[in-house]
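Trainee: I have a new structure open and would like to go through it with you, one question at a time. Could you help me reason from the coordinates?

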Amino acid sequence: MKDNWTIIVLCCIWGLCAQAQEVSVSKALYRQGNDMSWAKPDVDDASWSEIDITKQWDKQGFPRNNNAYGWYRIHVTIPKSLLVGADQQNVVVLHMPKADDVDECYLNGKLIGSTGRMPTDPSGYLCGVDVVRDYPVDIKSGVIRWDADNVIAVRVYNRGGSGGLFWRPLTLRCPNAAEGLAMRLTEENNGQSHCDIEISSAYASTASGTLDVTLTDRETGAKVKSLSKKLSIKRNKPARFSLPYDKHKMCLLTASYTDKETGKVLSESKQLKYILTPPTPATPRFNGAPVYGVSPGSPVIYRFPVSGEKPMKFTCDDLPAGLQLSDEGALSGRVDKPCVLSFNITAENAQGKASQVFTLKVGEHMIGQTPPMGWNSWNCWGLSVSQEKVISSTQALIDKGLADFGYNYINIDDGWEAESRNPDGTIEANGKFPSMKGMIDWLHERGLKFGIYSSPGDKTCGGYLGSLGHEKQDAEVWNEWGVDYLKYDWCSYERVREKDNDWGFASCLRPYLLMQKFVREQPRDIFYSLGPLGGTQVYLWGIYCDGNSWRTAQDIDDTWASIRDVGFRQQAGKAQYSSVGHWNDPDMLVVGKVGWGRELRETRLTPDEQYTHITLWTLLASNMLIGCDIAQMDDFTLNLLCNNEVNAINQDILGKQADRVLKEGDIEVWSRPLADGTVAAGIFNVGDSDRGVDMKALINLLPTSSEEKDRKEPGSVRDLWRQKNLSADELNCTIPAHGCRYLKIIVK
Ligand code: GLA
């Protein structure tokens, strides 16, 4: 018996349960090895070593073994007095230390919880190192020996580095009534939208109480709906409640559950997705920039982005020689000599017709007249990308109408490369891409372009084959396949610099210049996109490698912290490095279902943060590469990406990127001049609480061009998301935390 190691703490946990007690233990007996019989209570552990469970085993003199198991045995007296005054008389919770990497916890020989997955698990090893472990024990199960010796045996597996239990002492206590309850608010935004409230219980006892739900319109402050419902919640039988809502309103959902027995309250609120973009008209509407650039002799691959009811037929009476236009609006062909060709394209459907005077600029360095728009596999599928997934997102891009708004590049990121090169040094795709050429032809037939990924090092960031030593061969293979875009990512090239001990400026440019040469030698246009380098500033020299875009930040993720850092902090002051055909690229979009692997989840950005993300990225003249699975895209995300007036800022042919022009506390204004003489401005609230903003005062502070010197008043101010002109009254508004307003200002 090791009762001397057991510290029984009688403490008050204010606010939860005034008299609740807690047992806390920080010492155990320890043995390396993996004998499952050590889970049993009656094992002779007298010869085991003493160990502190708040520090990993190797930090206490025990060996630091990789792929090693260790067992902890904790002898503890559990006093019946633990139940005195507790709300929950049916459960005791073991708040465990963390385990490096995976644990299984037994109480008196019975498994009561585990976190992560042992390597022997049929689903494979899963690290659980940073997960908080709370294991509930049902009192009715009889496993607890009251006022007697209990044995908590913990089996820990460590894959590498430090191992074992660590972080804090183990504690046992009776939770308060609401503690085992969890509330989850979700929503469906397709067709008829509804929000769902789910309350589940981790504990055996049934809870009953009242759920109060309110929907508030945040723009007007009005209560849209309010109701109350009695619920009974059993373990493994969560209570669910669904409520329809109008996705065109800015609805805030608030739900609170009051426990009948104890009066404890559980509350959550969620800003539901709201659509600001007005419905797309059924008549044809051209949504793309009226200009496109191509090199002499390079295949023209362009799909006219026109929304409206289908079927739609495209015609052109003055189509220049060498070009063909399909009925569905795909422009193809070649023009051999440099020239500027303007012609009139007409789109017609059952509802009407529309025309656009379109200019094709044929010449050297004409690629990327406007920033590329399209899709990239990385932020959703990561290394699990496959031909099937690419085709599924492409088909959805067409079917859901994204192609009608200008999204036309379909880019695969890392994970397409074969394990090794062919004997002649050429590269092939791996088994996930049974027919790369076939897939690319399929895209081209639809007027869509195809992008690929590689690295100047021997390995890509994901550990696949890079192009080092095979640059020419790779560029030639890509040309044969019909590649239109190359993302060339630094990654393992750092090792070449290390080997050569060459840290100069030229050592950054060298591999990019080499690939530039081979890419530009191909008889087709390949948009050349440069990846991010560790500490170096690609935007300073990307233009010297004829880069069409370059990353201006490290990798993005789907959190506000990332948008704030990658978008606001890292892009300020960079407008000077962007120009037509050479764009700054703050990384791909993180709206919709993302995941960087096999399993996707809803982006963690709130709806307000997503409006901010798209507003800022379009202002920044950034590459607009959708990062989610398009097949699973809901109405909210679709409307976010398909607002023609918002996208027109990104595609503005003046090509002047926005920069931050004002910063007052949490309010930032980013603006850019547009080809039609107007100004686009994003007014952002990067703070954590809603802010009242006088937009007129901010507009008056915006920099003006020389002709506008006398300007006192803004002319009309258009809200780009809502696509309506604002009245003077509407210029005083509240901008939600992390939200924005997007304006186009016509100067009087
Ligand atoms: C780097 C890039 C990402 C992605 C991965 C692929 O991290 O920045 O965008 O391409 O490599 O491995």
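**Strands, ligand and buried residues**

Mentor: Happy to! This is a predicted model, and a good place to begin is strand 28 (residues 339-349), which pairs with strand 25 (residues 313-316) in the antiparallel sense over four bridges.

Trainee: Which residue of strand 28 stands opposite Phe 314?

Mentor: Strands 25 and 28 run antiparallel. Within this pairing, the residue facing Phe 314 is Ala 347.

Trainee: How many bridges join strand 28 to strand 29?

Mentor: A hairpin of two residues links strand 28 to strand 29. Across these strands, Asn 344 has Val 357 of strand 29 as its bridge partner. Strand 29 covers residues 352-362 and runs antiparallel to strand 28, and the number of bridges joining them is 11.

Trainee: There is also a sheet made of strands 23, 27 and 26. Which are its edge strands?

Mentor: This sheet is open, with antiparallel pairing and the order 23-27-26. An edge strand pairs on one side only, and that description fits strand 23 (302-303) and strand 26 (323-325).

Trainee: In strand 27, what is the bridge partner of Gln 324?

Mentor: Strand 27 spans residues 330-333, and three bridges join it to strand 26 in antiparallel fashion. Looking across from Gln 324, you find its partner in strand 27, Ser 332.

Trainee: Let's move on to the ligand. How many charged residues does the shell around the ligand have?

Mentor: The surrounding residues include Trp 378, Tyr 453, Cys 461, Pro 532 and Met 588. Also among them are Asp 413, Asp 414, Lys 487, Asp 489, Arg 551 and Asp 555, along with Gly 462. Sorted by class, the shell has five nonpolar residues and one polar residue, while the number of charged ones is six.

Trainee: What percentage of the ligand's exposed area does the protein bury?

Mentor: Start with the polar contacts: an N or O atom in the Asp 413 side chain is 2.6 Å from a ligand oxygen. A polar side-chain atom of Asp 489 lies 3.0 Å from an oxygen atom of the ligand, and for Arg 551 the corresponding distance is 3.2 Å. Taken alone the ligand exposes 310 Å², and the share buried by the protein is 93%.

Trainee: Is Leu 662 buried or exposed?

Mentor: Leu 662 sits in strand 40 (residues 659-664), and beyond its sequence neighbours up to four places away it touches Ile 667, Glu 668, Val 669, Leu 698 and Leu 701. Its C-alpha atom is also 9.5 Å from that of Pro 703, 41 residues apart along the chain. The relative accessible area of Leu 662 is 17%, and the cut-off is under 20%, so Leu 662 counts as buried.

Trainee: And why does Ser 562 count as buried?

Mentor: Ser 562 belongs to helix 8 (residues 560-571). Leaving aside neighbours within four places in sequence, it is in contact with Ile 556, Asp 557 and Gly 567. Ser 562 counts as buried because its relative accessibility is 9%.

Trainee: Stepping back to the whole chain, what percentage of its residues count as buried?

Mentor: The chain has 12 helices and 47 strands, and its C-alpha trace spans about 95 × 70 × 50 Å along its principal axes. The chain exposes about 30300 Å², with carbon and sulfur atoms supplying 50% of that area. Of its 748 residues, the share that count as buried is 58%.

Conventions. Residues are numbered from 1 along each chain as its sequence is written. This is a predicted model: local features need pLDDT of at least 70, side-chain atom pairs count only at pLDDT 80 or more; totals for chains, interfaces and linings use all residues. Side-chain values use heavy atoms; hydrogens and water are left out. A residue is near a molecule or strand if one of its heavy atoms lies within 4 Å of it. A polar contact is a pair of N or O atoms within 3.5 Å; within protein, one must be able to donate a hydrogen and the other to accept it, and residues adjacent in sequence count only if both atoms are side-chain atoms. Accessible areas come from the Shrake-Rupley method with a 1.4 Å probe; for residues, only the protein chains shown count as cover. Ala, Val, Leu, Ile, Met, Phe, Trp, Tyr, Cys and Pro count as nonpolar, Asp, Glu, Lys and Arg as charged, and the others, Gly among them, as polar. Two strands pair if DSSP finds at least two bridges between them. Buried means under 20% relative accessible area, exposed over 50%, partly exposed in between (1.4 Å probe, protein chains only). Contact means heavy atoms within 4.5 Å.
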